[in-house]
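User: I'm new to this structure and would like a close look at one part of it. Could you walk me through the charged side chains, and then whatever sits around them?

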Amino acid sequence: MSDLNKELSEYTKNLNKASKDSNINRAITRAVKAYRDTVEDTMERHPHTPELAEEVRRIKEYSMENNQQLLEKAMQSIEKNKGKAFYAKDREEALRITNEIIGTGKTVVKGKSMLGEELQIRHGLEESGNEVWETDLGEFILQLKNDRPMHILSPAIHVPREQVAEIFTEFFKKEIPPDIAQEVAVVREFLREKYFTADVGISGANVVAADTGQIVIIENEGNVRLCTGAPPVHIVLVGIEKLVPSFLDSMKVAEVTWRYAQYASPSYVNIISGPSKTGDIEKVTTYGAHGPKEFYVIFVDNGRSEMLKDPTCRQALSCLRCGGCMYECPVFQVTAGHYGRTYLSGIGSVWTSFVDGGVEEAAPMLYTCLRCGRCVERCPMKIEVPTMVGELRNRLVSE
Ligand code: SF4
């Protein structure tokens, strides 16, 4: 049996197993229902959203055409704001830069970031002798469970409250009942101390405005505010596809992202331009007031430039990571993130082909896609996943 056949057979076994897993089944059924109910209500309350999504499609197309110029402009803007900007062409470079900033023996608090998963940043920093804590509740559960995200927005979507209670009872060494409010409270108490003793906070970004160098991060839990505000150093890891020309554009992208992620209004939208500063004493600007004294932004390529050059697949770069398509995907609905690696479902198979191992690694995912097109219906960017999957299958066969 060839390596590819072996891999396919292993993968198929996992998919079958996942489809019979009662924890996954219970958790996904609840999540899909909640998503559909909420997103419908959200769109009714904000009916201009589909029109705004069309405008965002145009912004993203322009941004892809002009990615290099936007990158240069954003890096200059960040430096002007007294931050430091870097470009990393791949995982090794991104890790090297991050390690050089952080060093070893540090405590790091980290917000949710798909790019962080792609780069395996937590493992990389742990290998360098640092203590790293995931602060997004779902990611924290997965860190304790030694598991990987099964949805890009709700990483622990496959873990029902009963299982969370078991995991927490073991970790905190006290009985935690399967009560969501109590589960949330115990993590809040544990992480609070970490935020204020951490040396470094790491976050991702939803969008970056090139003209102002401002980083926009959408969240609900409040953990990103603490990760990016409490430690003396803040590092942002962001893919080059997140660049848009102006601050106004970034707000439009942000609104469409959170709306299709089912939020009428997220609890927080963080806009970060540079290190914290004050001019309160004699108007002398001094950096490191209450927030971080050092601010670093690492723009990561890792295969994205290749995707940009690809006439069929470049549209995948406009993905907002709203996660809507996954709730509609018939395969994802029964297998959760077993249908994928870092990136999941149909859109994930395209991303995997470029940034996470190449088209051979993506082969099992490419052949799992039913090409039914339900994802396109839900997608605010109308990304043609079935077309890209067909094209990548052709390339795989001819290779
Ligand atoms: S492909 Fe579309 S629906 Fe799916 S996560 Fe990306 S933007 Fe959202």
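Analyst: Here is a walk through the charged residues, followed by a few other spots worth a look. Keep in mind that this is a predicted model.

Let's start with the pairs. Side chains of opposite charge can pair when their charged atoms come close. Searching the whole structure turns up 26 salt bridges. Glu-55 and Lys-252 make one of them, with 2.6 Å between their closest N and O atoms. Glu-55 sits in helix H3 (residues 49-65) and Lys-252 in helix H12 (residues 247-260), so this pair ties together parts that are 197 residues apart in sequence. As for cover, Glu-55 counts as partly exposed because its relative accessibility is 28%.

Stay in helix H12 for a moment, since Asp-249 belongs to that helix too. Is Asp-249 buried or exposed? Its relative accessibility is 14%, so Asp-249 counts as buried. Even so, Asp-249 has no salt bridge. The nearest side chain of opposite charge is Lys-252, and that one is 4.9 Å away. A salt bridge needs the nitrogen within 4 Å of the carboxyl oxygen. So what does Asp-249 touch, leaving aside neighbours within four places in sequence? The answer is Ile-59 and Val-244. You can also look across to Ala-210: Asp-249 and Ala-210 are 39 residues apart in sequence, with their C-alpha atoms 9.8 Å apart in space.

Another pair to find is Lys-145 with Asp-147, whose side chains meet in a salt bridge at 2.7 Å, N to O. Both ends have some access to the outside: Lys-145 is partly exposed at a relative accessible area of 28%, and Asp-147 is partly exposed at 25%.

Now for a pair that belongs to a bigger group. Arg-378 forms a salt bridge with Glu-328, and their closest N and O atoms are 2.9 Å apart. Arg-378 lies in helix H18 (residues 374-378), while Glu-328 lies in helix H14 (residues 324-328), so here the pair ties together parts that are 50 residues apart in sequence. The two partners don't get the same label for cover: Arg-378 is partly exposed at 23% relative accessibility, whereas Glu-328 is buried, with a relative accessible area of 9%. Through shared partners, salt bridges join Arg-36, Glu-328, Arg-374 and Arg-378 into one network.

Have a look at Gln-333 as well, which is placed in helix H15 (residues 332-335). Setting aside residues up to four places away in sequence, Gln-333 touches Ile-28, Val-32, Arg-36, Tyr-327, Glu-328 and Arg-374. Arg-36, Glu-328 and Arg-374 from that list are members of the salt-bridge network. Gln-333 itself is partly exposed, with a relative accessible area of 23%. Its C-alpha atom is separated by 10.0 Å from that of Ser-345, which is 12 residues away along the chain.

Next come charges of one sign. Asp-3, Glu-7, Glu-360 and Glu-399 form a negative surface patch. Glu-399 is found in the segment after helix H19 (385-398), and Glu-399 counts as exposed because its relative accessibility is 66%.

That brings us to helix H17 (residues 359-366). Six of its eight residues are buried, so H17 is largely enclosed by the rest of the structure. Which residues of H17 are the buried ones? They are Val-359, Ala-362, Ala-363, Pro-364, Met-365 and Leu-366. Their cover includes helix H1 (3-19), helix H16 (345-355) and H19.

Finally, two spots in the backbone. Most residues other than glycine have a negative phi. Gln-120 has a positive phi, near 55 degrees. You'll find Gln-120 in the loop between helix H6 (114-119) and helix H7 (121-127), and at 32% relative accessibility Gln-120 is partly exposed. Asn-302 isn't a glycine either, yet has a positive phi of about 50 degrees. Look for Asn-302 in the loop between strand E12 (294-300) and helix H13 (304-309). With a relative accessibility of 13%, Asn-302 counts as buried.

Methods. Residues are numbered from 1 along each chain as its sequence is written. This is a predicted model: local features need pLDDT of at least 70, side-chain atom pairs count only at pLDDT 80 or more; totals for chains, interfaces and linings use all residues. Side-chain values use heavy atoms; hydrogens and water are left out. Patches are made of residues with over 30% relative accessible area and no salt bridge: like charges are joined within 9 Å, nonpolar side chains (Val, Leu, Ile, Met, Phe, Trp, Tyr) within 5 Å. Accessible areas come from the Shrake-Rupley method with a 1.4 Å probe; for residues, only the protein chains shown count as cover. Lys and Arg count as positive and Asp and Glu as negative; His and the chain ends are not counted. The place of a charge is taken as NZ of Lys, CZ of Arg, CG of Asp or CD of Glu. Helices (H or I, at least four residues) and strands (E, at least two) are DSSP runs, numbered from the N terminus. Buried means under 20% relative accessible area, exposed over 50%, partly exposed in between (1.4 Å probe, protein chains only). Contact means heavy atoms within 4.5 Å.
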